[in-house]
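Hi everyone, thanks for coming. I'd like to walk you through one structure today, so please have it open in front of you.

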Amino acid sequence: MNQEIITQLDNATKRHDLPVFHPGDRVRVSVTIREAGKERTQMFEGDVIRIRGSNAGRTFTVRKISNGVGVERTFPVESPNVTALEVIRENKVRRAKLYFLRDLRGKAARLKERDRRSH
Amino acid sequence: MTASRMGLLGRKVGMTRIFLEDGTVVPVTVIKAGPCPVVRTKLASGKDRYNAVVVAFEPVRPKVVRRPELSYFQQHQLPPHRYLREFRTQDAPEATAGDVLKVTMFGANEIVDVTGKRKGRGFQGVMKRHGFHGLPGSHGTKLKDRHPGSIGACAYPARVFPGKRMAGRMGADVVTTRGLRVVGVKEEENLLLIRGAVPGPSGGLVIVRKR
């Protein structure tokens, strides 16, 4: 009963503008960056290696290789700084947490594309 | 004590988070507080000799409350409630019997104190219970790296002083967290959103006080 109240509260402010995405998907995230009093939008493109949490506490982690270095960013799904998200490619993965990608590089770190989910 | 320390009884619902427009995350505790009917007031000028407001919280079946309390509620023409608590006030209380205290007595950004019974931790050692440092992890320490060390002198005083901090039952005591900020008030649902953590388990009784 207590958890229901929390879920209701969170649902009241829940966003519905993001498409459904899954671990393994390659996504392009638009992030608002505020610096020196200015506001701009930055893109972060990579594979979703983790989705965790529930309700307002839900976050996802995107991994990409930038100049040969692995970079991961974790975003709260409900954060107003995540202005848009686009699924570029859906990949076939067999687990929910793709931490094994951290140990792989180059060709070995590729994911196989899957048929588009219908939703 | 400040002028009026009126408050509300409530139940801790749990925690969640709120996002501000700039993306800042605010951790909030949700409290289902009130409505608390005022049962009666006590006056320093009357035979009670002090100022206070007696409030009730959480209506229950008549069977749940004790007989004397049941008749107490009947006397004051209220349905039986699970809890009866007093809030001491500096001056004669403004509320009168029959008033109902609600979450609207708090405003956004108001600073409050929240009292609750914190979770029991069972029998705990001296490091967790009192923050002792324990003994060194090496340099000859054997099997006693979480011990308290010496608890006193020898032939004089030949005893351990009362109040010496030792291992024992920890938690399940009443704790007040002071200076918490009210983030939101939801009147229809009787909910208060308070920044930060509040003592006790979800579902536990808490008292939210004005400062």
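**An arginine, a contact surface and a helix**

Let me start with a single side chain: that of B:Arg5 reaches the backbone oxygen of B:Lys210 at 2.7 Å. A second partner is B:Asp113, whose side chain makes a polar contact with the side chain of B:Arg5 at 3.2 Å. By polar contact I mean a pair of N or O atoms within 3.5 Å; within protein, one must be able to donate a hydrogen and the other to accept it, and residues adjacent in sequence count only if both atoms are side-chain atoms.

Before going further, a word on the ground rules. This is a predicted model, where local features need pLDDT of at least 70 and side-chain atom pairs count only at pLDDT 80 or more, while totals for chains, interfaces and linings use all residues. Residues are numbered from 1 along each chain as its sequence is written, chains are lettered from A and ligands numbered from 1 in the order in which they are written, and side-chain values use heavy atoms, with hydrogens and water left out.

Back to B:Arg5, which sits in the segment before E1 of chain B. Is B:Arg5 buried or exposed? It is buried, because its relative accessible area is 19%, and buried means under 20%, exposed over 50%, partly exposed in between (1.4 Å probe, protein chains only). Leaving out residues up to four places away in sequence, B:Arg5 touches B:Phe87, B:Arg88, B:Asp113, B:Arg209, B:Lys210 and B:Arg211. Touching, or contact, means heavy atoms within 4.5 Å.

Now, how do the two chains meet? On chain B, 18 residues are in contact with 13 residues of chain A. Together the chains bury about 1200 Å², 69% of it on carbon and sulfur atoms; that is the accessible area (1.4 Å probe) that two parts lose on being put together, summed over both. Of the area that chain B buries against chain A, 42% comes from B:Val13, B:Arg17 and B:Phe19, more than from any other three residues.

How many salt bridges are there between chain B and chain A? Zero, counting a side-chain nitrogen of Lys or Arg within 4 Å of a carboxyl oxygen of Asp or Glu. There are, however, three residue pairs in polar contact between the chains, both residues at pLDDT 80 or more.

On the side of chain B that touches chain A, strands E1 (7–19), E2 (25–33) and E11 (191–195) each supply at least two residues. E1 of chain B gives the most, with seven residues. Helices (H or I, at least four residues) and strands (E, at least two) are DSSP runs, numbered from the N terminus.

Across from there is chain A, with one helix and seven strands. Which residues of helix H1 of chain A, residues 2–13, are buried? They are A:Ile5, A:Ile6, A:Leu9 and A:Asp10. Seen down the axis of H1(A), these fall within an arc of 130°, so they line one face of the helix; the arc is that of the directions from the helix axis to the C-beta atoms. An α-helix has 3.6 residues a turn, so residues three or four places apart point the same way. The buried residues of H1(A) pack against E1, E2, strand E10 (174–186) and E11 of chain B. On the other side of H1(A), A:Glu4, A:Gln8 and A:Ala12 are exposed.
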